[in-house]
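Let's take a walk through this one together, residue by residue and then space by space. Have the viewer open and follow along.

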Amino acid sequence: MNRDNATWRQQLAQHDAGALADLRATLMRNLRRGLAGRPRADDSFLEDCAQESLLRVLDKLDQFHGRSQFTTWATALAMRVAFGELRRSRWKDVSLSDLTADDDQAAPDVAGDGAAPDVQLQQRDLAAALLASIQHDLTARQRTALVAELKGMPQDEIARQLGSTRNALYKLTHDARKKLRERLEAAGFTADDLVSDAGK
Amino acid sequence: MPLSPTELAKLLELLAQTQNHELNCEQCLALVAEFAESQLAGQSVAANLQAVQQHLAVCGECREEYEALREALISMRENGPDE
Ligand SMILES: [Zn+2]
């Protein structure tokens, strides 16, 4: 049955059995489409995620403001649930301290061998300035969080191991990025230097 | 704190995209459905959704979820909601 946004909201608020079953089926289908080809995303995993997502949707129903199709909004919540589960199972045994163990590091060759000598030199200066700034301008907590993120550890897992929340962690690493960028700019590197580096 | 060249390059790219004011992941999630629909409709990014686009550029996790959402919406459009 096709429902408009208001009908979805109203029926789900009343825990209408038909609406719950239809939404669960829709989430299941969309999860299957969105996670196609991912290892571990088998039917039983997807069913668990659809069920968990359904509860999440009911819990956040009053946060839906009708600015998209209801099912698109619900699917976005379901993707967060599903990817959160996938990441958690992959990273649950990795410790933050092992991942970010302190260790002095020479500036690696970010430019690669193909770049012209003057470009290589500038890239090496940039890498050295960045590494120095990571060591000296960030707090230990900022450094740990940022490095763990760069190594792919999920934000939920970093937050859990730091005894923090995902929102607080975002602020921590955002502040760290702002500080590093500010320091590089103060050292004479422009936003363009960063962009052209990233593309190489 | 050993970073590989790839990780350093990733950080430089992140710094290039960093803005003073950014949405966090929770704020991004609240707007991403609207953003996905407008992108699929081929609309230019509305002012209130530019922050979503910026967050997706700096947050790999939200970007991964957005891409899966997009896949699901495209597939639904092609196959119909009940396939
Ligand atoms: Zn995010």
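Start with A:L180, and keep in mind as you look that this is a predicted model. Leaving out residues up to four places away in sequence, A:L180 touches A:L130, A:S133, A:I134, A:L138 and A:L146, and it also touches B:L11 and B:L15. So there are partners from chain A and from chain B around this one leucine, and A:L180 counts as buried because its relative accessible area is 0%, with the cut-off for buried set at under 20%. You'll find A:L180 in helix α9 of chain A. One of its partners, A:I134, is 46 residues away in sequence, yet the two C-alpha atoms are 7.1 Å apart in space.

Stay in chain A and look at A:Q142. This glutamine sits in helix α7, residues 140-150. Its relative accessible area is 7%, so it is buried too. What is A:Q142 in contact with, once neighbours within four places in sequence are set aside? The list is A:D137, A:L172, A:D175, A:A176 and A:K179.

Now zoom out to the whole of chain A. How many helices and strands does it have? There are ten helices and zero strands, so reading along the sequence gives you α-α-α-α-α-α-α-α-α-α, with helices taken as DSSP runs of at least four residues. Of the 200 residues in this chain, 47% count as buried. Take the contacts in chain A between residues at least 6 apart in sequence, and 61% of them join residues at least 24 apart.

For a pair that sits apart in space, try A:A21 and A:A145. They are 124 residues apart in sequence and 40 Å apart from C-alpha to C-alpha. A:A21 belongs to helix α2 of chain A, and its relative accessibility of 42% is why it counts as partly exposed.

Two loops in chain A deserve a stop for their backbone angles. A:H15, in the loop between α1 (5-13) and α2 (17-34), has a positive phi of about 55° although it is not a glycine. A:R40 is another non-glycine residue with a positive phi, near 80°. That arginine lies in the loop between α2 and α3 (43-59) of chain A, and it is partly exposed, with a relative accessible area of 48%.

Next, move over to chain B and find the zinc ion. Which atoms coordinate the zinc ion? They are the SG atoms of B:C25, B:C59 and B:C62 together with NE2 of B:H55, at 2.0 to 2.4 Å. Along the chain, these donors follow the spacing C-x29-H-x3-C-x2-C. The angles among the four donor atoms run from 103 to 112°, and the site is tetrahedral. For four tetrahedral donors, the ideal angle at a metal is 109.5 degrees. Are the donors buried or exposed? Take two of them: B:H55 is buried at 0% relative accessibility, and B:C59 is buried at 2%.

One of the zinc donors, B:C62, also turns up in the lining of the largest cavity. The structure holds one cavity of 30 Å³ or more, and about 70 Å³ of space lies in the largest cavity. From chain A, its lining takes A:A76, A:M79 and A:R80; from chain B come B:C28, B:L29, B:V32, B:C62, B:E65, B:Y66 and B:L69. The elements giving two or more residues to that lining are α4 (70-91) of chain A and, from chain B, α2 (25-40) and α4 (60-79). The largest share, four residues, comes from α4(B). By type, the lining divides into eight nonpolar, no polar and two charged residues.

Last stop is the largest pocket, with about 750 Å³ of space. It is lined by 32 residues, and those nearest its centre are A:G152, B:K10, B:G60, B:E61 and B:E64. Elements from both chains give two or more residues to this lining: α4, α7 and α9 (166-186) of chain A, and α1 (5-17), α3 (50-58) and α4 of chain B. The lining divides into 14 nonpolar, six polar and twelve charged residues.

Terms used. Residues numbered from 1 in each chain as written. Chains lettered and ligands numbered in written order. Predicted model: local features only at pLDDT ≥ 70, side-chain atom pairs only at ≥ 80, totals over all residues. Heavy atoms only, no water. 1 Å grid on protein atoms, 1.4 Å probe; cavity = no way out; pocket = protein on both sides within 12 Å on 5 of 7 lines; lining within 4 Å. Points joined across faces, edges and corners; volume = space filled by probe spheres on them. Nonpolar A, V, L, I, M, F, W, Y, C, P; charged D, E, K, R; others polar. Buried < 20%, exposed > 50% of the residue type's maximum accessible area, 1.4 Å probe, protein only. Donors = N, O, S within 2.8 Å, 3.2 Å for Na, K, Ca; no water. Tetrahedral: all angles 85-135°; square planar, octahedral: opposite > 155°, others 65-115°. Contact = heavy atoms within 4.5 Å.
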